[in-house]
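Me: I should like to learn how to read some features of a protein model. May we take them one at a time, with the structure in view?

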Amino acid sequence: MMKSSVSNCPVPTEQQPLNEYEELKSSWLFRDSTLSWRHYFTKILWIWGWSGLVAGPVAAASFPPQKYWAYFFLSTAAGAGIGVVLVLVRLYLGWFYIRDRLYSQTVFYEESGWYDGQTWIKPLDIVNRDRLIVTYEIKPILQRLQFTFAGLAGIYLIGTIVWHLL
């Protein structure tokens with residue numbers, strides 16, 4: 001059970017932005033984006049490899065590996081990259097949502113259901129604390145994800161050029 005990060009806060013504990021951040025940071029998929037670059041890259045390669053197990057047979061149906069090995073490899077790699085992109089999009093959207101919740105001066109919350117939403121205005125010290133978390137914890141994660149997207153785009157570009165040179 002999480003404790004309230006603010007005394008006299010009307011927002012339910014599980015809907016407080018700091019607690020949402022802590023929960024997201026410790027969840028199995030999202031904690032991978034907080035790892036060191038080496039371990040993060042290893043996780044991305046694992047996702048790519050497992051996605052390749054699905055993409056390989058699909059690529060083999062179009063490009064038999066014995067006859068068109070280069071096309072088979074490129075199409076398998078590109079197909080596996082789609083799995084990586086989907087995971088990265090999920091990570092980015094999750095971190096972006098938490099960033100917005102922490103950065104905002106107000107917190108929208110539901111008291112007992114979807115029909116009774118309320119808004120709480122954060123005190124200045126909570127706003128400052130949350131914005132420090134955004135600046136020093138979440139922005140680097142979002143930048144890492146953006147860098148990964150750019151790297152994937154570069155790999156796809158190189159793969160496209162190689163494809164046309166074959």
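Me: How many residues line the largest pocket, and which lie nearest its centre?

Reply: Please keep in mind that this is a predicted model. The largest pocket is lined by 22 residues, and those nearest its centre are Trp48, Ala77, Leu152, Ile155 and Tyr156. Its volume is about 520 Å³.

Me: Which helices supply the lining of the largest pocket, and what is the chemical character of its residues?

Reply: At least two lining residues come from each of α2 (37-62), α3 (69-103) and α4 (124-165). The largest share, 9 residues, belongs to α4. By character, the lining holds 16 nonpolar and 6 polar residues, with no charged ones.

Me: How does the span of α4 agree with its number of residues?

Reply: One takes 1.5 Å a residue, so the 42 residues of α4 should span 62 Å; the end C-alpha atoms lie 59 Å apart, which agrees. The helix α4 does have a kink of about 40 degrees at Ile138, shortly before the proline Pro140.

Me: How many aromatic pairs does the structure hold, and how is one of them read?

Reply: There are 10 aromatic pairs. For Phe63 and Trp163, the ring centres are 5.4 Å apart and the planes stand at 80 degrees; planes over 60 degrees apart count as edge-to-face, so this pair is edge-to-face. Because Phe63 lies in the loop between α2 and α3 and Trp163 in helix α4, the pair ties together parts 100 residues apart in sequence.

Me: Are Phe63 and Trp163 buried or exposed?

Reply: Phe63 is partly exposed, with a relative accessible area of 22%, and Trp163 is partly exposed at 27%. Ring pairs also link Phe63 and Trp163 with Tyr68 and Tyr71 into a cluster.

Note on methods: Residues numbered from 1 in each chain as written. Predicted model: local features only at pLDDT ≥ 70, side-chain atom pairs only at ≥ 80, totals over all residues. Heavy atoms only, no water. 1 Å grid on protein atoms, 1.4 Å probe; cavity = no way out; pocket = protein on both sides within 12 Å on 5 of 7 lines; lining within 4 Å. Points joined across faces, edges and corners; volume = space filled by probe spheres on them. Helix = DSSP H or I, 4+ residues; strand = E, 2+ residues; numbered from the N terminus. Nonpolar A, V, L, I, M, F, W, Y, C, P; charged D, E, K, R; others polar. Expected span 1.5 Å × (residues − 1). Bend = angle between axes of the 7 residues up to and from the residue. Phe/Tyr/Trp six-rings, centres within 6.5 Å; stacked < 30°, edge-to-face > 60°. Buried < 20%, exposed > 50% of the residue type's maximum accessible area, 1.4 Å probe, protein only.
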